[in-house]
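Here's a quick look at one chain's overall build and at some aromatic contacts. Have the viewer open as you read.

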Amino acid sequence: MSFLAQTDPWAGIDVGEQLFAFSPMIALICTMLAVVTCPLLFGRGPRPIAIVVAVGVIVTFYLAMRVAGVVSTGAISGLSPGGAGGMLIADPLSAGFQIILMVFLAGIFWLWWMGSAATERNAPEFFILLLGSALGMALMVSTLNLLLIVVAIETASLPSYAIVGFDKRDKAGAEAALKYMVFGSVSAAVMLYGISLLYGLVGSLNVADLAQYVATMGFHTGESSVLLSVGLLAFFAGIAFKVSAVPFHFWCPDAFEGAKVEVTTWLSVASKAAGLILLARVALTFCAAVEAPLNMQFLEPVAWVIGIVAAVTCTIGNFSAYKQESVKRLLAYSSIAHAGYMMMAAAVFVYAGSPGYTAGLTALLVYIIIYMFMNLGAFGITALVVWDGGSDKLDAFNGLMRRAPWLAIPMIICLMSLVGLPPFAGFIGKWWILVALGGLDSTLGWFLVIAAVANTLISLYFYLRIVVRMVFAEDQRAAVRAPVGGIALVNLCALALLLLFVFAQPLKTSAEQLSRGMYQAVASNTSDSSSARVADSGS
Amino acid sequence: MLSIGLTHYLVVAAVLLCTGLFTIMTKRNAIGILIGVELLLNAANVNLVAFDRFREGGLFDGQIMALFIIVLAAAEAAIAVGICINVYKNLATVDVDSARQLQG
């Protein structure tokens with residue numbers, strides 16, 4: 001065993017700097033431990049837990065800001081001897097996503113504090129699950145190692161299954177958790193089998209090595225190409241499940257309808273955004289490995305596949321939302337459609353290849369930020385209405401304009417922003433995706449532009465249904481009693497949507513900075529990719 | 001003289017995979033589906049360890065990954081059985097076909 005004789009593999013690596021680069025995740029873990037210990041010291045009431053979680057989220061946010069400042073000069077890949085193949089990556093993209101995630105987590109926490117906290121008897125468990133899935137999502141966006149991708153996806157998924165069915169007496173929640181868990185564990189297992197095949201072919205768990213292998217060997221090398229196709233297909237199916245792309249979307253409406261509103265809001269934005277950024281990272285690593293002459297021949301079909309899946313996801317999401325009577329379920333289908341719009345951006349940067357990726361990635365990041373506010377607002381108002389009336393059906397929104405103007409007006413803003421109408425920020429998000437698609441100036445680009453615009457028109461109908469109910473439907477019920485903090489939260493979201501429309505340019509500039517500084521993975525065995533492969537002398 | 005090679009392991013893994021997929025598709029009992037998932041995970045494990053064993057130069061990534069998968073499978077089983085118990089308490093069955101309250 002020769003490696004024992006080698007010199008210290010950690011020599012020349014600044015362990016302190018590397019630990020600092022991953023401090024947001026360490027802070028999240030410490031918060032989880034603090035939440036475990038807290039009931040032993042201060043009892044199981046929601047108040048001490050809430051203080052611990054709030055402090056933890058703020059500390060994580062602060063550390064992520066500090067890391068973002070450090071990595072803006074150069075990405076760090078590390079916590080592994082050998083540098084290039086580091087398991088964890090800290091770059092502007094991952095730090096930026098962690099900042100967004102913490103802002104969103106704070107919003108979810110506030111929503112929970114307004115509504116569920118008073119009756120919640122299992123606050124410690126709730127927050128361990130919520131923070132656990134946040135940790136998984138933070139890991140998902142900061143790795144290019146197949147092992148850690150799997151661990152991250154599972155860390156994000158397992159608490160999500162449990163948190164969907166958190167209320168033990170709720171039949172719908174139990175059923176939703178069952179469906180989510182069955183779909184999720186099957187897709188994760190299939191993904192793992194695919195990864196085991198890829199590992200056998202490539203001889204490395206690094207995505208950069210995998211991309212290098214695909215770029216040099218291609219799909220034209222006999223029987224191994226079958227294994228490669230199956231492996232890649234299974235791997236991307238696992239990611240598509242997280243994004244809830246068609247045909248892996250069946251879990252989404254059921255899980256979102258059965259879960260508590262805070263949990264639905266959390267999953268609808270955070271888990272999809274993390275999956276999309278993971279997809280972006282993996283896809284861009286593949287793009288970077290493919291040399292220029294092969295570029296179009298290899299990448300164009302891939303871009304077409306992603307584009308068609310995106311267009312179908314959009315269309316199915318929007319058409320299924322038509323006949324829904326439950327607002328939660330309607331918004332769940334709307335979130336499937338929005339995942340489709342965001343996947344269109346992914347098609348852009350796969351098509352454009354590694355030099356021209358910034359437009360697509362920037363559009364994706366801008367969309368994620370805007371989408372976070374839109375969904376937090378729309379689900380927040382739904383939550384306030386549900387807590388008041390006990391029903392999440394469309395009827396519960398009848399006459400909301402008169403019963404609670406401070407909920408109806410932000411709801412209209414959020415819904416019109418979800419459609420993508422000016423002067424709301426949703427228009428900006430869609431606009432830049434359309435600009436990036438048009439910038440391709442290709443059949444695929446124009447096809448997706450048409451698909452996106454047509455889908456926007458379709459979606460106008462079912463979002464307007466809610467607006468019409470709120471403004472015109474007669475209803476004699478009393479005014480909605482909602483906590484002031486909840487009203488403040490949803491109105492802040494609506495205000496943010498207006499402000500982001502006005503200050504669209506700074507938003508785009510900062511998103512561009514995040515996407516420009518993205519870590520470029522390097523294959524560890526660029527010179528002799530064949531020597532590490534499995535010996536074919538099997539039998 | 002028969003010597004056991006990589007292909008044998010891959011065939012065993014493929015058989016495990018097919019058995020698992022068949023179980024998932026035919027069983028309507030949630031616990032049965034979970035057993036199918038465990039078979040899939042173990043198919044991946046057999047693959048990973050076999051690929052490591054027959055590699056020139058001997059890497060350990062696959063074996064380490066297999067260890068991680070074992071832990072993940074245990075965690076997943078714990079969560080899944082918990083959810084199944086909860087479903088049973090609420091619906092008095094763990095048949096996935098009976099879970100049809102949420103539809104549309």
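Accessible areas here come from the Shrake-Rupley method with a 1.4 Å probe. Keep in mind that this is a predicted model.

## Chain B: surface and charges

With that method, chain B has an accessible surface of about 5,500 Å², and carbon and sulfur atoms own 70% of it. Of its 104 residues, 39% count as buried.

On the charge side, chain B carries 6 positive and 7 negative charges, and the mean positions of the two sets sit 8 Å apart.

## Chain B: fold and spread

Chain B has 3 helices and 0 strands, running α-α-α from the N terminus. Its radius of gyration is 18 Å, well over the 13 Å that the globule rule gives for 104 residues, so chain B is more spread out than a compact globule. Along the principal axes, its C-alpha atoms fill a box of roughly 55 × 25 × 25 Å.

Looking at contacts with a separation of 6 or more, 57% join residues 24 or more positions apart.

## Aromatic pairs

Searching the whole structure turns up 25 aromatic pairs over all chains. Take A:Phe126 and A:Phe166: the ring centres are 5.4 Å apart and the planes meet at 70°, so this pair is edge-to-face. A:Phe126 belongs to helix α5 of chain A and A:Phe166 to the loop between α6 and α7, so the pair ties together parts 40 residues apart in sequence. A:Phe126 is buried at 1% relative accessible area, and A:Phe166 also counts as buried, at 14%.

A:Phe462 and A:Tyr463 make a tilted pair, 4.5 Å centre to centre with 45° between the planes; both residues are buried.

How values were computed. Residues are numbered from 1 along each chain as its sequence is written. Chains are lettered from A and ligands numbered from 1 in the order in which they are written. This is a predicted model: local features need pLDDT of at least 70, side-chain atom pairs count only at pLDDT 80 or more; totals for chains, interfaces and linings use all residues. Side-chain values use heavy atoms; hydrogens and water are left out. Helices (H or I, at least four residues) and strands (E, at least two) are DSSP runs, numbered from the N terminus. The radius of gyration is taken over C-alpha atoms; the globule rule is 2.2 Å times the number of residues to the power 0.38. Buried means under 20% relative accessible area, exposed over 50%, partly exposed in between (1.4 Å probe, protein chains only). Contact means heavy atoms within 4.5 Å. Lys and Arg count as positive and Asp and Glu as negative; His and the chain ends are not counted. The place of a charge is taken as NZ of Lys, CZ of Arg, CG of Asp or CD of Glu. Rings of Phe, Tyr and Trp (its six-membered ring) pair if their centres lie within 6.5 Å; planes under 30 degrees apart count as stacked, over 60 as edge-to-face and the rest as tilted.
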